[in-house]
Amino acid sequence: MRIVVTDLVGHPGETRAVDTAVPASAFGDDPWGPTVDAVRDPIGLDLHLDSVVEGILVRGTIHYDVQMPCGRCLVPQDEQVDANVTELFLDPAKREEDEEDDPGYELIDDATALDLSTLARDALVIDLPLRVLCREDCQGLCPTCGGDRNLEDCGHRDEPLRDPRWSALADLELPRE
Ligand SMILES: [Zn+2]
Ligand SMILES: [Zn+2]
């Protein structure tokens, strides 16, 4: 998601609003994070690009509609995530020699553009809910047979979970005195 900023770079104090909605594919084909099944189109951008001496400050909100599995039964759930961002895209020419190795975000193409792809991915992962549930009392999957306990009662509910490492012992015929 590349944005040309030639009108802003070198004009500290200038600002431009970016208020648009774009397909998720505009941010590249990389995965959106380990717990995200899908990011739905469109992704909403409600941002301000502020020209500062060091580069371009990007601030505002990115809106996502994502699909994540229920933490108990794994059925996909639709979640909305609004991520607030404030990130400086540094003009590489303004970077101090002795600054640490990680440059963070930088302007590209001779400081004429910035790419929001990595920022959009990082912001989503930071703001994802730690766990989603399809409903508070989701019964989850049966640890014995893997059945969805919300859909059917497989009858395993009250059995203690056997450790499979010991299951061979259950079949042993011990000699009786
Ligand atoms: Zn569930
Ligand atoms: Zn079961």
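Helices here are DSSP runs of H or I with at least four residues, and strands are runs of E with at least two. Keep in mind that this is a predicted model.

Q: How many helices and strands does the protein have, and in what pattern do they follow along the sequence?
A: Counting those runs gives two helices and seven strands. Reading along the sequence, the strands come before the helices, and the pattern is β-β-β-β-β-β-β-α-α.

Q: Which residues coordinate the zinc ion (ligand 1)?
A: Look for the donor atoms, which sit at 2.3 to 2.4 Å from the metal. Along the chain they follow the spacing C-x2-C-x60-C-x3-C. Each one is an SG atom, and the residues are Cys70, Cys73, Cys134 and Cys138.

Q: Why is the arrangement around the zinc ion (ligand 1) tetrahedral?
A: Four donors count as tetrahedral if all angles lie between 85 and 135 degrees. The ideal value for four tetrahedral donors is 109.5 degrees. The zinc ion (ligand 1) passes because its four donor atoms subtend angles of 102 to 114°.

Q: Is Cys73 buried or exposed?
A: The cut-off for buried is under 20% relative accessible area. Cys70, another donor to the zinc ion (ligand 1), has 1% and so counts as buried. Cys73 has a relative accessible area of 7%, so Cys73 is buried.

Q: Which residues coordinate the zinc ion (ligand 2)?
A: Here the spacing along the chain is C-x2-C-x8-C-x1-H. Two of the donors, Cys142 and Cys154, lie twelve residues apart in the loop between α1 (117–127) and α2 (167–171). Donor distances run from 2.0 to 2.3 Å, with ND1 as the histidine atom and SG as the cysteine atom, and the residues are Cys142, Cys145, Cys154 and His156.

Q: What arrangement do the four donor atoms around the zinc ion (ligand 2) make?
A: The test is the same set of limits, 85 to 135 degrees for all angles. Around the zinc ion (ligand 2) the angles are 109 to 111°, so the arrangement is tetrahedral.

Q: Which is Cys145: buried or partly exposed?
A: Partly exposed covers the range between under 20% (buried) and over 50% (exposed). Cys142 has 3% and so counts as buried, while Cys154, at 27%, counts as partly exposed. Cys145 has 42% relative accessibility, so Cys145 is partly exposed.

Q: How many disulfides does a search of the whole structure find?
A: A pair of cysteine sulfur atoms would have to be within 2.5 Å. Searching the whole structure on that basis, the number of disulfides is zero.

Technical notes. Residues are numbered from 1 along each chain as its sequence is written. Chains are lettered from A and ligands numbered from 1 in the order in which they are written. This is a predicted model: local features need pLDDT of at least 70, side-chain atom pairs count only at pLDDT 80 or more; totals for chains, interfaces and linings use all residues. Side-chain values use heavy atoms; hydrogens and water are left out. Donors are N, O and S atoms within 2.8 Å of the metal (3.2 Å for Na, K and Ca); water is not among the atoms, so sites may look incomplete. Four donors count as tetrahedral if all angles lie between 85 and 135 degrees; four count as square planar and six as octahedral if opposite donors are over 155 degrees apart and all others between 65 and 115; anything else is irregular. Buried means under 20% relative accessible area, exposed over 50%, partly exposed in between (1.4 Å probe, protein chains only).
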